[in-house]
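User: I'd like to understand the wording used for this model. Could you take me through it?

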Amino acid sequence: MEHVAEHHPDHESPHTSQHVPEQRITLRIDGTDHELTVDTRTTLLDALRERAGNTSPKKGCDHGQCGSCTVLLDGRRHLTCLALAVAYDGAEIVTAAGLAGPADEGDLHPVQQAFITHDGFQCGYCTPGQVCSAVGMLEEAGRGAPSHVTADLEADVDLTDEEIRERMSGNLCRCGAYAGILGAIRESAGR
Amino acid sequence: MRPLTYAAPATAAEAVSAVRGDPQARFLGGGTNLVDHLKLGVSTPGRLVDISRLPLDTVEQTEAGVRIGTNVRNSDLAAHPLLRSGWPGISRALLAGASGQIRNQATTGGNLLQRTRCVYFQDVTTPCNKREPGSGCSALEGYGRYNAVLGASEACVATHPSDLAVALTALDAVVVVLGSDGERRVPMADLHTLPGHHPEIETTLSHGELITAVELPATPLARRSTYVKTRDRASYAFALVSVAAALTLDDDGAVADIALAWGGVAHKPWRAARAEAALRGRRPDESAIAAAVEEELREAAFGPDTEYKRPLLRGATTEALSRLLGGLDGKPGGTSEQEGAR
Amino acid sequence: MTANSVRAVAMGTAMERVDGREKVTGRATYAMENDAELDRPPLHGWMVTSRTAKGRVLRVDASDALDHPGVVTVLDHTTAPRLASTEDRELAVLQDDRIGFRGQIVALVLAETPESAREGARLVRVHEQAEPFSATLEGAETYRPDSSSVGSETDTEQGEVDAALAAAPVRIDHTYTTPHEHNNPLEPHAATALWRDGTLTMWDSTQGVHRVAATLAPMLGIEPERLRVRAPYVGGGFGSKGPPHGPEVAVALAAMWAEGRPVKLAVTRQQMFPLTGYRTQTVSDLRIGAEPDGRIIALEHAVTVQTSAIKEFVEHAAVPARMMYAGEHRRTSHRVASLDVPVPSWMRAPGEMPGMHALEVAMDELAVAVGVDPVELRVRNEPEVDPGSGNPFSNRRLVDCLYRGAELFGWADRPVAPRATLDGDWWVGTGVASATYPANFFPGNAARVTALERGRYAVAIGAVDIGTGARTALLQIAADALGVGVAEVDLAIGDTDLPFATVAGGSSGTGSWGTAITQAAQQFRADHGEAPDPGVQTTSTAQSYPDTEHLAMHSYGAVFTEARVHRWTGEVRVPRMLGVYSVGRVINPTTARSQFLGGLVMGLSAALFEESVRDPRFGHFVTQDLATYHVASHADIGDLRVEWLDDVDERATPMGSRGIGEIGIVGTSAAVVNAAYHATGVRVRNLPATSDAFL
């Protein structure tokens, strides 16, 4: 039996155009404006990592299933792998690198310091995403957003361990550093 | 990922005409499902029309209830005070879905139009009638843990993955759709279709029609709604089965009004009308609930991989109604919701 | 020379991870993040993989792909550079037309951008000739392998097992299975490679830089010195990054093709399922014959696993049954089915994890059968010497772990009968299991000590920190071995330009590398004294450490869990886990705790979620991403507690330590399943224990 492993469906024209559309966008990344000309197919994650040279957000799954690529986008935690860069022209992005001061000097963000104190990571690959997610999550809880485990949807949020765990579940850690992550966020939340 | 052009029109009407006139064009909302599919090769549009920046992002109280703009993000909708008090089952369904990050990104309309997570649909190296009509259904004899048990066909056993859609179906939402001929309203129950011979068709929308809003009627029932999602992982996982439920009792503790919809069982959110009918006027105890679930499952088809969904639907429906009743100890009332230890 | 034991000053002291700042900011550079060191923009690679499980590549039609803007070339088996050796068929990438499993690399697209590379791969048409294949263990023919993949004996037999089992007053006879599992480190396997002036430089996501160089150099036909492998940061591995896999060969070939221009290749999450190893499913037929008081008379553990027809890997799951419990009559065996499937490989505690799962669930069944408390049952079956070898144990403290764990956990309050506690809508139960892992020491590690100005020292070894905390723990070891503070030592790791180091695997790293560092430091002092001139150095290789012969050297642990099973939905949650371990001296309590916790989390994940489903009609894993292959999320984790016994095992290493990286996953899944049984009365013998079982 011979079969051709077709890599695109028949109804699509077999030959692609010789032109790859590009678009000019501006992203404010960690406080600096970047003007980039991007392939319209470029994800925000690849724009950051491969074009803007910011490898703080990580590519763990590239399909929105791990949270390693989380940044703060216009102040909210946001995946960058399931986002096309062209759709975010003008966005303000803060990565874990931007939460801290310059590389060798400057203070860490309190959440970052707490991650170190509580050893809330091992390999470190999911960590920038965890940190950004934690910062965004604390802001969400602070303005009273409920979660799946909130017993009373109309009551104030009490950021219990169960609440923190649920709210941080979009960030997988295969090293299993969840206990340290919990401790770090607890401390950051003032508990 | 095929090369594609990108445009972000200023108005919904322009967006509609841009997609309407180009069979290769797709709307881009939050992107949480479409960008995934672009990478997998499941979807290969030549043109994206970005509607995520259109000002359809407000939640407004109306005379009949609430009107939710299509671009309202899942997280914002779940946290909205109107929803939390008037339609708690909607908030809970949203909060049970995806992750904090994805809920910040995913839109209301996009959530309803997300596509099945059937592993074969997402794997372009295997046959799938939904992805490539006529190629066959790999799930029928394959990995079937998430397969449909109601309304499926020989062509497709995929389930619809949205939690929100299940809750909206239970609470009689109406979807507002803009087409080239103007606006029309589609009841949630009529938005999605069963697979039949054409699983590639998933909704009653035509190419270029855009969901602009979702309307929810305010009812006493909706105020006493909840959502139970069962899954292997405690969070960040699609449902094995889910139940959107709402309930009011009469003075004798019998069911006055009830709404039930199931997720994870069919190609569309499944309104469990037979189960509702079986429970109306009856005291909602364990055996009545079990009988009602069996009634709904009369025409269900289970396989070795999906047999567990029968007791799970019974259990999840029991759990949902139990939460609304504050336990199943026969106590009448059921006006307060008490969450279990979850 | 041989190392002498070291006085602990820094060792045993909790110390924050020295690379914490880099990691929490994301500035640590993993394999795809070294562009700053490249003087030309890299090419981006994307692999095209086979769609048949067995057969031939007839033709690779790259015409559409090459028409795509940005695509530079498409390498296939007719155009890729030739390898000097193709003996290892997993690694003989793009060398001939044979297809050995679905998902094998059949072409490699190189392009100017990641977008073009991905699209180029989509546009490649591979004409494949399919042949009949077999991809299911059920009903497959098996054979007796020469040995297991750790070199242990295939089969053992002592006494009259069948007769003893037949005569035993109490018998347990069940089959336990564990599914295929994938390591899924959060950083996908990836490498950047540059071939220039006859030298290949690779930034690789690997657990062993020297192992990659030693494996790949001869295949590429170059001297090992011409292959430099660097791994400054590695985003987890759990075994899958122990040996090199096909993608590392692919990127090396691409770099040779692209001479002078660097190439980056990341394995996609989906491609990791066929290409970077996995734990094979295991079938354990376990029979225990016991006295009415629970003392074991006879034990048989017969293991059936599968391997790939193109490369043998035998998961040694029956090995722990050889040393774990007393009993006069004992038989263990391994049988393997050779299938047309991806190549299985190392995953955290290979052998021990699935083998102890089966044994520890069987022990729980025995405890129920004889009406003896599960902790007490294990104590009753404590052997005096290693029942397999007859050797004395060096430091066996399983009983101490069990008793200490029982005390901490509140085990005594537990009702004897199962299905005794309903809390709200949740059935509640508790379970226990033992853990063990061998004290592995890998010979041949070398370390270099150089005197710097002002009493400082540079210590170098090609070890890799995959998240274990090695970068921190080795610093503590070096400081103590030199008799200085940790702040006086600069440690360099993760580079084949540094002295030889074995792989970060088998829980051997800290012990084996640390011994080399200790020996080098002591030799340095012998060579250069306490006040050396800056610039003097000593390099020393550690071949062995005394007292390891004729001793059964293992670590031990006891895991206690609480499971709650929902009465209506059957969902299982684990609110409490406790592990108590005996592992020799703990070098760094901070990073060690994280290692144990991580093992518990991965064990919980295996108990409840993890399963790679292979569709036998196609031959590939169809649950091939992190949405369909579930690993534990944060919400799945309850209160975790870890403690270790105060131990120093100077017969194992001069630091008094044994390994800790793997024991946390051992027994944990059994403890969860045993707790779920206690909660519900339902015995789950096949992992994962999903809600279905409890409905």
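Analyst: Happy to; below we go through a sheet and a helix pair. Please keep in mind that this is a predicted model.

User: What makes β3 and β5 of chain A the edge strands?

Analyst: The open sheet has five strands in the order β3-β2-β6-β4-β5 (chain A), with mixed pairing. β3 (32–39) and β5 (76–78) of chain A each pair on one side only. Neighbouring strands here are turned by 40° against each other on average, direction ignored.

User: How do you know that β2 and β3 of chain A pair?

Analyst: Pairing needs at least two bridges, and eight bridges join β2 (residues 22–29) of chain A to β3(A), so the two strands count as paired. They run antiparallel. One of the bridge partners is A:Asp39 in β3(A), matched with A:Glu22.

User: Why is α5(C) called oblique to α6(C)?

Analyst: Helix α5 (residues 209–220) and helix α6 (residues 246–257) of chain C pack at about 50°, with their axes 11 Å apart. Angles under 35 degrees count as roughly parallel and 65 to 115 as roughly perpendicular; about 50° fits neither range, so α5(C) is oblique to α6(C).

User: Which residues make that contact, and what are their classes?

Analyst: On α5(C) they are C:Val212, C:Leu216, C:Met219 and C:Leu220, and on α6(C) C:Glu248, C:Val249 and C:Ala252. By class, there are six nonpolar, no polar and one charged residues. Glu counts as charged, so the charged residue is C:Glu248.

Technical notes
Residues are numbered from 1 along each chain as its sequence is written. Chains are lettered from A and ligands numbered from 1 in the order in which they are written. This is a predicted model: local features need pLDDT of at least 70, side-chain atom pairs count only at pLDDT 80 or more; totals for chains, interfaces and linings use all residues. Helices (H or I, at least four residues) and strands (E, at least two) are DSSP runs, numbered from the N terminus. Axes are lines fitted to C-alpha atoms, for helices over the stretch in contact, and angles run from 0 to 180 degrees between N-to-C directions. Angles under 35 degrees count as roughly parallel, over 145 as roughly antiparallel, 65 to 115 as roughly perpendicular and the rest as oblique. Two residues are in contact if their C-beta atoms, placed from the backbone, lie within 7 Å.
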